[in-house]
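Let's take a friendly walk through this structure together. Have the sequence and the 3D view at hand as you read.

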Amino acid sequence: MLGMSANSVSYNDQGSVESGVDAAQENSSIPGSISSSSGAAFSLFSADYKKNEDLKEMLESSKESLKLEAMKRIVGLIAKGKNASELFPAVVKNVASKNIELKKLVYVYLVRYAEEQQDLALLSISTFQRALKDPNQLIRASALRVLSSIRVPIIVPIMMLAIKEAATDLSPYVRKTAAHAIQKLYSLDPDQKEHLIEVIEKLLKDKSTLVAGSVVMAFEEVCPDRIDLIHKNYRKLCNLLVDVEEWGQVVIIHMLTRYARTQFVSPWKEDAVFDENSEKAFYDSEEERKVEQSNLYIMDPDHRLLLRNTKPLLQSRNTAVVMAVSQLYWHLAPKHELNIITKSLVRLLRSHREVQYVVLQNIATMSIQRKGMFEPFMKSFYVRSTDATHIKTLKLEILTNLANEANISTILREFQTYVKSQDKAFAAATIQAIGRCATNISEVTDTCLNGLVLLLSNRDETVVAESVVVIKKLLQTQPSQHSDIIKHMAKLFDNITVPMARASILWLMGEYCEHVPKIAPDVLRKMAKTFTNEEDIVKLQIVNLAAKLYLTNSKQTKLLTQYILNLGKYDQNYDIRDRTRFIRQLIVPNEKSGALSKYARRILMAPKPAPVLQSAFKDRDRFQLGTLSHTLNTQASGYLELSDWPAVAPDQSVRNVEVVEPVKEAGAPALRKSKPAKSHEKFYSDSEEEEEEEEEKEGSSSEDSSNSSSEESASESESEENSGDSNRSSSSQSEKSSSESDSEKKKKTLKNKKLQQQKPDSKDRKQKNGNAVKVESRSESESGSESSSSESSSESGSELDSDSDSGTDQKKNTKPKPVQSKAVIKQVEKKEVSLLDLDDFSPAPVTTPKSSILSPNLLSDLQGLLISPTTSALQASFPVFVPETSHELLHRMTGKGLSGQYRFTRQPCIYGNSMVSLQLTLSNSSDQALENIHISEKSSTGQNIHRFNAIERLEPQASVTVSMGIDFNDSTQAANFQLCTKEDEFSVSIQPAVGELLLPITMSEADFTKEQGKLVGMNESSATITMTPENLSSQSVNRKVVSVANIGVIPSSQENIYRFAGKTVSSGSLVLVSVALKDPDAVITINTEKTVMSSMLLRQFKTALTNSSP
Amino acid sequence: MIHSLFLVNASGDIFLEKHWKSVVSRSVCDYFFEALERATEPENVPPVIPTPHHFLINVLRHRIYFVAVIQSEVPPLFVIEFLHRVVDTFQDYFGVCTEAAIKDNVVVVYELLEEMLDNGFPLATESNILKELIKPPTILRTVVNTITGSTNVGEQLPTGQLSVVPWRRTGVKYTNNEAYFDVVEEIDAIIDKSGSTITAEIQGVIDACVKLTGMPDLTLSFMNPRLLDDVSFHPCVRFKRWEAERILSFIPPDGNFRLLSYHVSSQNLVAIPVYVKHNISFREGSSQGRFELTLGPKQTMGKAVESVLVSSQLPRGVLNASLSPSQGTYTFDPVTKLLSWDVGKINPQKLPSLKGSVSLQTGASKPDENPTINIQFKIQQLAISGLKVNRLDMYGEKYKPFKGIKYMTKAGKFQVRT
């Protein structure tokens, strides 16, 4: 096809193509040209590929309007499902356009095709990363939306980071977007689950109604089993529910339904569960039972809270919300409260056809168990001739379920109209329904039966057939009185052609042949004649009838039976052959037949139980109402089972809220805002709060051991967040961000205080930081009094006031206030220092020499965002120094013209958190092009290698730079792999210097000494060297050290001690280096768990520092 | 949640597709087409269709199927409700929701769908918010945009998204401040052969068109609020106030919206405003049948019954109908066997009637059921339930708005069995 159109271009269209392009160019050169005219010129061409050429040209033009026009047409193509992926490079260039609409359309395109064009898609990532820091929240949010929608596995770490950052954004809209992004990332890479759960946990605490629905959705998708995350947010969610947007309400209600079923005890009395009879009893003695119930069962206030807060939502205009509330009541509410949902459900029947369908299905299930609910609304289920077939059938189902002695006559009258319906399938369904009513309500069985017999003379085949089948079932219940009906049916037999009906009549004849002794043999005679022409099910029944008659009336039917058995023996269907053989052995006594034939009569003529005609919705209640699984009556993927009520309620106090998070978007007044929230919390009875405190006291002793660690982790995460903030502020020192970090800081201190408050008498800690006794005693006294929380917050408030007062002058703050206890100081101090650190050192990478050799743009864009989530406690920083030396990978002689060099970029690797990032420069020094250069799949040493994408072609004398990642597992063992071209394979190896296996981190001096204190003994190695004089300056020491190893500089308060910190790439173990100068000697100390590494490092430092050359 | 959306027209072609997650091949719609083939009527396609790997949930509106592709458990009503909301939005933007309108505005449609769903979860469905994000296309704007290169897309986050009244945008300004309320009631009824009522109920809505400056706070009270049995509100209505005082108190969205829909309690007897006298008979063995209809007003509280339209699905055996109406026009479609008679206004002095004969296919047996007759009508200035608005007050703003209330009664699903 391509060839063909190319041909046509060659002799036919070529001229016009050129003129078209010319026209476009002319147009674009005329100022204010109208794009539509050029569009018209282009639309002359029909062939797709040519059109795409035009589009490409339009996209590359300098005029916005042309680009926009092109994008609009591309979107048109996408909408039609046409492939526009080849335009990717041209489109992606416009991702940074100023024109909002153009940008949005490019986003649409990107999201659609990024998965197919992963490499090219990466080009756009940096734009989004920039946009993530835009002051406009809409732009931040849309950048995150698109970034997370690009399904390219390589950018998982970037997404992770962006989500974490957005989850703490000031704008609730951005946080909402972050919640959505969680699900996207999870579906892209389920391995991120644990980290995502952390973000979900954080977002669940969010007070904004905008976020609530989305984060619960993420929760449902990622970790629906982590019910423990809900406890603390349960009451908040209940209270917010009314104000959440309608879609969020649906999701939250479904989640809370599941939650409630695991946390509360059943409000239904054991004997009254789902039983029609007991329901009647319930109505009889409602008053009595209520009293009884109140004695036995007291509903959990939280259970009541949920029911109370969802009730108004029954008035929602959104049908999904109404349905969600209805199912919540169905599954959670006491039975006598159920009736309030009836009206709302019936109201939904006025809505669209599809809504009716789903609602009717749910009503059908409910009406089986609880007739009383819908009986007053019976007339709402009357069928109209304009209803769709599936709606009619459902209404019929419900009417049948609702039928009882009182209303059966009304219902039957209504059914009579339906039987005459022109929709014959519906008429047949009605007949079945009549049959069900007849069996369920014994008073009307005879009436129904007579009615059905009348229908046997109906002109329509299906109606008659259905009647026969239903009559057959009804007769089984009381056959003796109805021999005339059987006779009547035998007469009709010749006119009935529907196989099922014929089979049914034959079965009836056989079963009750004793009631119709004259007719049955005659029917058999007729059947013997037509046997070969009957359908299979009819044949089986003929055999059946013959056998039964043989046993009861062998005189008349012996020969007929044998004839039929012979016919059956040679039938084409093996079922019939089998059955014939079996029957023959059973009824005809001969020497071979064993003991079985003695019981033939008992086997064949055994009284059969009457079939139970029951609703098709009988078993649907195993599914939660309102779900897709319920609608389909099969379990859909992702269906979450509704658990049974627990016998004993789990601990209620888990839902008590202890820590009040200040509202984030409030900024500076956060503190003040948190107070009313707190008082609101008091809304829950005082006794609960007391319980809470008691519990704390109890819990504290067991928590002792975990105390210190939890505290640590809290402070660690703080430092991470803080530095994240200051990252932002470093790019643009806006007041906003600084105030933000201020407010965050405030929260932190608050939190810290609380943390301490929570553990009143921990002896462990007394021993640890001896001075802390003061705090303890105070917090003890605080927790004793009711006003404790307000006191503590006011106190911290004053402290914080001084914080914000000093504002710019941060130094002041670093000086601890002597009045305060040590523990508190330590916290504050730590934070301040880490803030200072970043202010001082974040510009560092700007001054460091940036590699002049091709460093992929992407990498440098990424560097700011990447840290390893595994050691999130420590903030990774930028490499202080990036060596430019490259090492040889492959010499051109051995590589037959292909030569390769590698270089450590010292950047965090984008391909994996535990990989070392490398840059490979491949050049072709031969005189012919090399093709398909790639790394062979098999890695000989077992390291995990992220290969670069195959280079399709490398021209002579050209070179190309690619990046790759290798996981060295923190060892200096060389990574060996095969570098392949189209023709050849070369074994190459990369031997990392030990210093390259590290990544720099920043920490405060205090932390450094603390960590160093932990890594003593085995983990410490040191050496004394004599320094050359030119190395004595601080600059040169720093330079020497960082050139050997990729570690970060730690600010030092002592003049002659230099400190450096890093972590290993793979395992994230700390590596701490300190150099103490004691003129002219110097002591190098390395503290790390990796002892092998430390000795190697030590050796290299020694050489570097004693070597006089710069 | 919602994976993809396909729009299928009446002839079974997919004319638009949109994916929110990985691309789902359009071949998934084959299962839908199968179901479509099996269904005798377009409405008979089941709304939920399971396929081996996906679930298809479809709604049919304006002869377009909106087919959503789902991969895992989700409340089906959630999807259905959303799809209807999409249709409403299209209608709001383009005036009509037809294949042509969607194709003409495919870019706006795509931008809308992009904003309405993120990763398959509804993001912004409120019309007021969407209109701030993406301005509806008008001819003038299209021309202006082409010349100036400006766009249809808003740059700021709609204020509504973040405020406590997400349905209303800020900074609304009008020179004429007006608020109109339409009370529209529909009668659903089934009348049996002899003219007695089998079931009848009244469903009502109050649609509003509010164009008021600033942040007005309105209250609307009724003379007889007890009539309202079951109500559902626009999110703007304060539920507590209704519970306590039976007063509607709300900050309205800007423009057109449905304030309230209600159901009148079934205890009240419903007045049936029209009656039908019919005589439809087929004789065994004859190929002709008699057909006579006469309409008349009944319990109309003195108001005229207008826009009357009678339609009936005649039995399959009917070949043709030759009838003469005393007023209006009638049509009979020999393929679908649908008879419809546009009557117009009923004149109590001279009752409209339709008389004549219908011819049956030769050899076809007598139909065993007479056709049902569906009737549509309108009565202006009357709420058949007797509901009356007492007063409308505005707080929060200084100016005096122009207020208007209109009543109307319509036939809903009004059927007469013969």
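The paragraphs below go through a sheet, a helix that lies across it and a pair of packed helices.

Please keep in mind that this is a predicted model. A good place to begin is chain B, where five strands make up an open sheet. Going across it, you meet the strands in the order E2-E1-E5-E4-E3, with antiparallel pairing. Its edges are strand E2 (14–19) and strand E3 (48–50) of chain B, each of which pairs on one side only. On average, neighbouring strands in this sheet are turned by 20° against each other, with direction ignored. In general, the strands of a sheet pair through backbone hydrogen bonds, and the pairing can be parallel or antiparallel.

Now turn to strand E5 of chain B, residues 64–70. E5(B) is mostly covered, with seven of its seven residues buried. Look at how the side chains are divided: B:Ile64, B:Phe66, B:Ala68 and B:Ile70 point one way, while B:Tyr65, B:Val67 and B:Val69 point the other way, and all are buried.

E5(B) has a partner on either side in the strand order. Strand E1 of chain B (residues 2–8) runs antiparallel to E5(B) and is joined to it by six bridges; here B:Ser4 has B:Val69 as its bridge partner. E4(B) is also antiparallel to E5(B), with seven bridges between them. In this pairing, B:Arg61 stands opposite B:Ile64. The hairpin of E4(B) and E5(B) has two residues between the strands, and B:His62 takes a positive phi near 50° in it.

From strand E4 (residues 55–61) of chain B, move on to E3(B): three bridges join these antiparallel strands. One pair to look for is B:Val48 with its bridge partner B:Ile57 in E4(B). This is also where the other chain comes in. Helix H22 of chain A (residues 353–369) lies across E3 and E4 of chain B, and runs at about 135° to E4(B).

Our last stop is in chain A, where helix H4 (residues 64–80) packs with helix H6 (residues 100–113). Their axes are 9 Å apart and the packing angle is about 35°, and H4(A) passes H6(A) in a left-handed crossing. Which residues in H4(A) and H6(A) meet? On the H4(A) side they include A:Leu68, A:Met71, A:Val75 and A:Ile78, and on the H6(A) side A:Leu102, A:Leu105, A:Val106 and A:Tyr109 are among them. Charged residues take part too, including A:Glu64 and A:Lys67 in H4(A) and A:Arg112 in H6(A). By class, this contact has ten nonpolar, five charged and no polar residues.

Methods: Residues numbered from 1 in each chain as written. Chains lettered and ligands numbered in written order. Predicted model: local features only at pLDDT ≥ 70, side-chain atom pairs only at ≥ 80, totals over all residues. Heavy atoms only, no water. Pairing = 2+ DSSP bridges. Helix = DSSP H or I, 4+ residues; strand = E, 2+ residues; numbered from the N terminus. Axes fitted to C-alpha atoms, helices over the stretch in contact; angles between N-to-C directions. Contact = heavy atoms within 4.5 Å. Left-handed = near helix turned anticlockwise from the far one by under 90°. Nonpolar A, V, L, I, M, F, W, Y, C, P; charged D, E, K, R; others polar. Buried < 20%, exposed > 50% of the residue type's maximum accessible area, 1.4 Å probe, protein only.
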